[in-house]
Amino acid sequence: MWHNGSTNITGCYNNKAITVTTGQTGNFYLGGIVGRFQKPGSGVGTLPNYIKSCHNTAPLTVENGSLTARTGSVYLGGIAPHSAVDTHIEDCTNTGAISTDRLSFNYVGGIIGFTSEKVEIKKCVNSGSVSVNPSKDINLENYVGGVVGYANGTISVTSNENKAASVTL
């Protein structure tokens with residue numbers, strides 16, 4: 001789901017593995033519950049998004065495919081891959097393995113991959129492994145975290161846990 005406004009998502013579950021194999025350029029957004037939160041138009045007056053009591057139990061994978069050079073970005077998160085609008089995530093869990101080997105800028109987190117606005121993450125738990133393993137040794141920017149991969153904005157992280165066996169780059 002890609003969404004362009006205010007949303008409340010409560011009590012959702014994903015238990016189906018999602019694998020995307022890319023042979024094309026561009027950005028990819030993959031999340032266990034939501035695909036991306038984006039500001040509508042200029043973003044003025046946008047209401048916050050809420051995700052509460054949602055759970056991902058399945059592996060999420062973005063594979064490199066036939067790409068041979070760095071291109072685009074991958075945003076990958078157990079609950080949400082990317083938020084460019086105020087977002088509140090509470091009482092959510094991820095137990096699925098999250099991974100990519102794509103030749104790109106990678107933002108990967110157990111709960112959320114990338115934030116660029118005000119985000120509050122409260123009482124969430126990640127116990128799925130999180131990994132970035134580009135298939136070639138080239139100069140890439142990779143951000144990997146058990147709860148949040150990359151934060152560029154105001155973020156509040158309260159009473160969260162990362163229980164993953166591994167978070168690797």
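Good morning, colleagues. I begin with the interior. The largest nonpolar core has 18 residues, and those touching the most other members are Ile51, Ile79, Ile89, Cys92, Ile111 and Ile121. Another core lies apart from it, with 9 residues, including Leu30, Leu60, Val108 and Val132. Please bear in mind throughout that this is a predicted model.

I turn next to the sheets. One open sheet contains 5 strands, in the order E2-E7-E12-E17-E22, and its pairing is parallel. Which strands stand at the edges of this sheet? They are strand E2, residues 8-10, and strand E22, residues 155-158; each has a single partner strand, so one side of each is left without a neighbour in the sheet. From one strand to the next, the twist averages 5°.

Within this sheet, one pairing may serve as an example. Strand E7, residues 49-52, and strand E12, residues 87-90, are paired in the parallel sense over 4 bridges. Here Tyr50 has His88 of E12 as its bridge partner. As general background, strands of a sheet pair through backbone hydrogen bonds, either parallel or antiparallel.

There is also an open sheet with the order E4-E9-E14-E19-E24, formed by 5 strands with parallel pairing. Its edge strands are E4 and strand E24, residues 167-168, each of which pairs on one side only. Strand E4, residues 18-21, runs parallel to strand E9, residues 60-63, and 4 bridges join them. On the other pairing of E9, 3 bridges connect it in the parallel sense to strand E14, residues 98-100. Val62 is a useful residue to follow here: Val20 stands opposite Val62 in E9, and Val62 in turn stands opposite Thr100 in E14.

My next topic is the aromatic residues. How many aromatic pairs does a search of the whole structure find? The search finds 8. One of these pairs is Tyr75 with Tyr107, which is stacked, at 5.1 Å centre to centre and with 10° between the planes. Tyr75 belongs to strand E10, residues 73-77, and Tyr107 to strand E15, residues 105-109, so the pair ties together parts that are 32 residues apart in sequence. Tyr75 counts as buried because its relative accessibility is 10%, under the cut-off of 20%. Tyr107 is likewise buried, at 10% relative accessibility.

Consider now Phe114 and Tyr150. Their ring centres are 5.2 Å apart and their planes are at 10°, so this pair is stacked. Phe114 lies in strand E16, residues 112-115, and Tyr150 in strand E21, residues 148-151; the pair thus links distant parts of the chain, 36 residues apart. Are these two residues buried or partly exposed? Phe114, at 10% relative accessibility, counts as buried, whereas Tyr150, at 26%, counts as partly exposed. The residues of both pairs belong to one aromatic cluster, formed by Tyr29, Tyr75, Tyr107, Phe114, Tyr143 and Tyr150.

A histidine brings us back to members of that cluster. His82 is located in strand E11, residues 80-83, and is buried, with a relative accessible area of 6%. What does His82 touch, not counting residues up to four places away in sequence? Its contacts are Tyr29, Arg36, Phe37, Gln38, Tyr75, Ile112 and Phe114. Of these, Tyr29, Tyr75 and Phe114 are in the aromatic cluster.

I close with the cysteines. How many disulfides does the structure hold? The number is 0. Cys12 and Cys54 illustrate the point. The closest cysteine sulfur to that of Cys12 is in Cys54, at 4.4 Å, which is too far for a bond, because a disulfide requires sulfur atoms within 2.5 Å. For Cys54, too, the nearest cysteine sulfur is that of Cys12, 4.4 Å away, and Cys54 is in no disulfide. As for their surroundings, Cys12 counts as partly exposed at 31% relative accessibility, while Cys54 is buried, with a relative accessible area of 0%.

Technical notes: Residues numbered from 1 in each chain as written. Predicted model: local features only at pLDDT ≥ 70, side-chain atom pairs only at ≥ 80, totals over all residues. Heavy atoms only, no water. Core = buried A, V, L, I, M, F, W, Y, C linked by side-chain atoms within 4.5 Å. Buried < 20%, exposed > 50% of the residue type's maximum accessible area, 1.4 Å probe, protein only. Phe/Tyr/Trp six-rings, centres within 6.5 Å; stacked < 30°, edge-to-face > 60°. Helix = DSSP H or I, 4+ residues; strand = E, 2+ residues; numbered from the N terminus. Pairing = 2+ DSSP bridges. Axes fitted to C-alpha atoms, helices over the stretch in contact; angles between N-to-C directions. Contact = heavy atoms within 4.5 Å.
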